[in-house]
Structures are given as structure tokens and as C-alpha cells.
Amino acid sequence: VAVRPVDLTTPPHVVALLAAADPVLHLPRLPRDAIRSLVCERLGTSEASAALIDFIHSRSEGLPFFAEQLLYALRDRGVFLIRGGAGCVDANDLSGLAVPGSVRDLVVSRVDLLPPGRQLAIKIASVVGRQFDAEMVADVHPLPTNRAALVEALEQLVDAGFLNADGGLSPPTYAFRHGIIREVVYELLPYGQRRPLHRSIAQRLETRHAADLSPQYAVLADH
């Protein structure tokens, strides 16, 4: 079980669980060198600007998921360019740069920058679940959808760092990179839009697994 550090907002049952846990591993926040490695790995570069690394390390306070989403948010906004294998940043652009102060707000800001087709695709996917396949997203999509174009949109969401692709499966299968991303995207959909999607997903599951629904009972209960 992985949890954030205990504070006044931690539910009592989590506090009790941690008290009974043995052993407990306390993971320290990432130092600057680790943030540098994270930045270079996510960008696919051998080096990155010291200004970029310092900014991400300072704003993320060493929290790896926050650092990753902040990096992607800066990339989405065109704050830096990758030239010659390094992330090149104009330090003057960072000094007064305003960025969201929470992971949730960072994810929302990134989704807001997506083209409409990709926004809708990832929102529908969030209703399907943490893991999903392209066929299900296409089947319940409220608009006429070209399946090849939908898969292309999902692959672009993989490139953007929202999703992971489970290669080699047919139909193409994906998963949200982090549960928080899925939760945030799901909450962007009003209840009135989520409800018919859940109904369509349940109906599609019943059709797909008509021969034996029993393994799908837990999934159906979610919808």
C-alpha cells in the first residue's frame, strides 16, 4: 500500500492501517539530481537546462508525479524547445512564470490545451475505466467516429504523457498513466454526460460478454 505522508486530512482508517503496517518504508522527496534524471528521461534528452531543472525541482518540492506533470505542462505551453539533445529554456521566461499549484490543476490545465477531439476521447476513456480498449471508446462515443482517427488520437495522448499503450493487443488497449489523471479527467464531465456513457458502457459489456457475464459483474457494478 502506498500513501502520502500522514497529516490532519488523513482518514482515521488509513492512520490505523499504517500503525499496524510492518515494515513501513518512508520514501524521501527527490533531490535535484533525481529531478534532472526524470526531466531528461521524459524528454528523451541527454541534458536539460539548469533553469528548467531548478524551476521544476523548486515548484514540485521533489514530488515525482508533480514534477512530471509540471514538465509536461511547460512543454505543452511551449515554454522550452528541445535543441541538439537538450531542453533549452530562456531563464527570463521562468522567473515570473505562473503555474498551477496542485497536481489536479496541472492536469486540468493540460487537458484544456488539447484539441477538442482528443479532449472528448480522453473524457470518454475516463468513464470506461483506468484500463480500456479503443473499441469500447469507439462504441460508446456520442459522435460519429472514424476508428482509425480515434486510435490516432489515443496514440497522441500516449505521446503527451496521459496514457500508456499496451502494445501488441487487438483491439489497441490503453491505461491512464496515473489514477489521478483518470480521476481528474472524469470529474471534468458533468454528471448528465457521465450517466448515459456509463449506461452505454454497461450495455456494450453485456453484449460483448453475453456468453458468460459472471467475470464482468464487478465492472458492471461500476457502471
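## A guided tour of the model

The accessible surface of the protein comes to about 12,700 Å², a value from the Shrake-Rupley method with a 1.4 Å probe, where for residues only the protein chains shown count as cover, and 54% of this surface belongs to carbon and sulfur atoms. What you have open is a predicted model, in which local features need pLDDT of at least 70 and side-chain atom pairs count only at pLDDT 80 or more, while totals for chains, interfaces and linings use all residues. Residues are numbered from 1 along each chain as its sequence is written, and side-chain values use heavy atoms, with hydrogens and water left out.

**The whole chain**

Begin with the C-alpha trace, which spans about 60 × 50 × 35 Å along its principal axes. A cartoon view should show 12 helices and 6 strands, taken as DSSP runs (H or I of at least four residues for helices, E of at least two for strands) and numbered from the N terminus. Of the 223 residues, 38% count as buried, where buried means under 20% relative accessible area, exposed over 50%, and partly exposed in between, with a 1.4 Å probe and protein chains only. Among contacts (heavy atoms within 4.5 Å) between residues at least 6 apart in sequence, 57% join residues at least 24 apart.

If you colour by charge, 22 positive and 25 negative side chains appear, and the centres of the two sets lie 3 Å apart. In this count Lys and Arg are positive and Asp and Glu negative, with His and the chain ends not counted, and each charge is placed at NZ of Lys, CZ of Arg, CG of Asp or CD of Glu.

**First stop: the sheet of β1, β2 and β3**

Select residues 47-48, which are β1, together with β2 (residues 80-83) and β3 (residues 86-89). They form an open sheet of 3 strands in the order β1-β3-β2, with mixed pairing; two strands pair if DSSP finds at least two bridges between them. β1 and β2 stand at the edges with a single partner strand each, so one side of each is left without a neighbour in the sheet.

The strands β2 and β3 run antiparallel and are joined by 4 bridges, with Ala 86 as the bridge partner of Arg 83. Between these two strands lie the 2 residues of a hairpin turn, where Gly 84 has a positive phi of about 60 degrees. On the β1 side, 2 bridges join β1 to β3 in parallel, and Gly 87 in β3 is the bridge partner of Ala 48.

Next, go to Glu 61, in the loop between α3 (50-60) and α4 (64-76). Although Glu 61 is not a glycine, it has a positive phi of about 55 degrees, and at 53% relative accessibility it counts as exposed.

**Second stop: the sheet of β4, β5 and β6**

Now select β4 (131-133) and β5 (163-166), the edge strands, each of which pairs on one side only, along with β6 (residues 173-176). This open sheet of 3 strands has the order β4-β6-β5 with antiparallel pairing, and its neighbouring strands are turned by 30 degrees against each other on average, direction ignored.

β5 is joined to β6 by 4 bridges, one of the partnerships being that of Asp 166 with Thr 173. On the other pairing, 3 bridges join β4 to β6, and Phe 132 stands opposite Tyr 174. Show the side chains of β6 as sticks: Thr 173 and Ala 175 point one way, Tyr 174 and Phe 176 the other way, and all are buried.

Add helix α9 (residues 147-159), which packs on the sheet and touches β4, β5 and β6, its direction making about 120 degrees with that of β5. Such axes are lines fitted to C-alpha atoms, for helices over the stretch in contact, and the angles run from 0 to 180 degrees between N-to-C directions.

**Third stop: two buried side chains in helices**

Which residues does Gln 119 touch, not counting residues up to four places away in sequence? Select this residue in helix α7 (residues 116-128) and display Val 111, Asp 112 and Leu 114, which are its contacts under that rule; at 18% relative accessibility, Gln 119 counts as buried.

Finish at Arg 194 in helix α11 (residues 191-208), which counts as buried at 17% relative accessibility. Not counting residues up to four places away in sequence, Arg 194 touches Val 127, Tyr 186, Glu 187 and Leu 189. A C-alpha to C-alpha distance drawn from Arg 194 to Ile 124 should read 8.4 Å, although the two are 70 residues apart in sequence.
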